[in-house]
Amino acid sequence: QVQLVESGGGLVRAGDSLRLSCAASGGTFSRYTMAWFRQAPGKEREFVAAIKASGEPTLYADSLKGRFTISRDNAKNSLFLQMNSLKPEDTAVYYCAANTDDILVVVTTSSASEYYDYWGLGTQVTVSS
């Protein structure tokens, strides 16, 4: 059973940066495609970024390209999301997710969530204006 635990969220001001982490256990992290999603209050879950098991390629939501960077450290069973120039509209709960078949589905809409088998409980990011 794969377990995912996100951390690194918090309250920041617009323009600040945050780095989220996701620690994986109970499986073979280095074989999984991983992704970040987010969900704001009253909105559906939104795709943020994904990364293949090998580290390449990566995939981003068009609206977040250039500000967010996904990366991983397979030796440490960890996934990261570097978020720069944060905006109030980035406020959401951020989730990491695993596709244990190492399939990077080129879907950047909310339906991308259907392709991920395991999910963390999320970490709250709040950006004040």
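**Reading a predicted fold, feature by feature**

Author: Let's start with Asp-90, a residue in the loop between β8 and β9. Please keep in mind throughout that this is a predicted model.

Reader: Happy to. Is Asp-90 buried or exposed?

Author: Asp-90 is buried, because its relative accessible area is 1%, and the cut-off for buried is under 20%.

Reader: Which backbone nitrogen lies 2.8 Å from a polar atom of the Asp-90 side chain?

Author: That nitrogen belongs to Lys-87. Look further along the chain as well: leaving out residues up to four places away in sequence, Asp-90 touches Arg-38, Leu-64, Arg-67, Phe-68, Ser-85, Val-125 and Val-127.

Reader: Now the interior. How do I read a nonpolar core, and which residues of the largest one touch the most other members?

Author: The general idea is that in soluble globular proteins, nonpolar side chains tend to be buried together. Here the largest nonpolar core has 41 residues, and those touching the most other members are Met-34, Trp-36, Leu-79, Leu-81, Met-83 and Tyr-94. Two or more core residues come from each of β3 (18–25), β4 (33–39), β5 (46–51), β6 (58–60), β7 (68–73), β8 (78–83), β9 (92–99) and β11 (123–128).

Reader: Take one of those. What is Met-34 in contact with, leaving aside neighbours within four places in sequence?

Author: Its partners include Leu-4, Cys-22, Phe-29, Ile-51, Ile-70, Leu-79 and Tyr-116. Arg-72 is also among them, as are Ala-49, Ala-50, Ala-97 and Ala-98.

Reader: Cys-22 caught my eye. Which residue does a disulfide join to Cys-22?

Author: First the chemistry: a disulfide is a covalent bond between the sulfur atoms of two cysteines. In this model the count is 1 disulfide, and the partner of Cys-22 is Cys-96, with an S to S distance of 2.0 Å. The bond links distant parts of the chain, since Cys-22 is in strand β3 and Cys-96 in strand β9, 74 residues apart.

Reader: Is this disulfide right-handed or left-handed?

Author: The torsion about the S-S bond of Cys-22 and Cys-96 is about 50°, so the disulfide is right-handed. Both ends are buried: Cys-22 has a relative accessible area of 1%, and Cys-96 has 0%.

Reader: β3 keeps coming up. What is the strand order in the open sheet of 4 strands?

Author: To read a sheet, follow the strands from one edge to the other. The order is β1-β3-β8-β7, with antiparallel pairing. β1 (3–7) and β7 are the edge strands, each pairing on one side only. Ignoring direction, neighbouring strands of this sheet are turned by 15° against each other on average.

Reader: How many bridges join β3 to β8?

Author: There are 6 bridges between these antiparallel strands. To place one residue for yourself, find Ser-21, which stands opposite Phe-80 in β8.

Reader: Last topic: the backbone. Where is there a cis peptide bond?

Author: Check omega to find it. The bond joining Glu-56 and Pro-57 is cis, with omega about -5°; Pro-57 is in the loop between β5 and β6.

Reader: And what should I look for in phi?

Author: Look for a positive value at a residue that is not a glycine. Asn-77 is such a case, with phi about 50°, in the loop between β7 and β8. Asn-77 is partly exposed, with a relative accessible area of 29%. Asp-102 also has a positive phi, about 55°, and lies in the loop between β9 and β10 (118–119). Asp-102 is partly exposed at 22% relative accessible area.

Definitions and conventions: Residues numbered from 1 in each chain as written. Predicted model: local features only at pLDDT ≥ 70, side-chain atom pairs only at ≥ 80, totals over all residues. Heavy atoms only, no water. Core = buried A, V, L, I, M, F, W, Y, C linked by side-chain atoms within 4.5 Å. Buried < 20%, exposed > 50% of the residue type's maximum accessible area, 1.4 Å probe, protein only. Contact = heavy atoms within 4.5 Å. Polar contact = N/O pair within 3.5 Å; in protein donor to acceptor, adjacent residues only side chain to side chain. Disulfide = S-S within 2.5 Å. Pairing = 2+ DSSP bridges. Axes fitted to C-alpha atoms, helices over the stretch in contact; angles between N-to-C directions.
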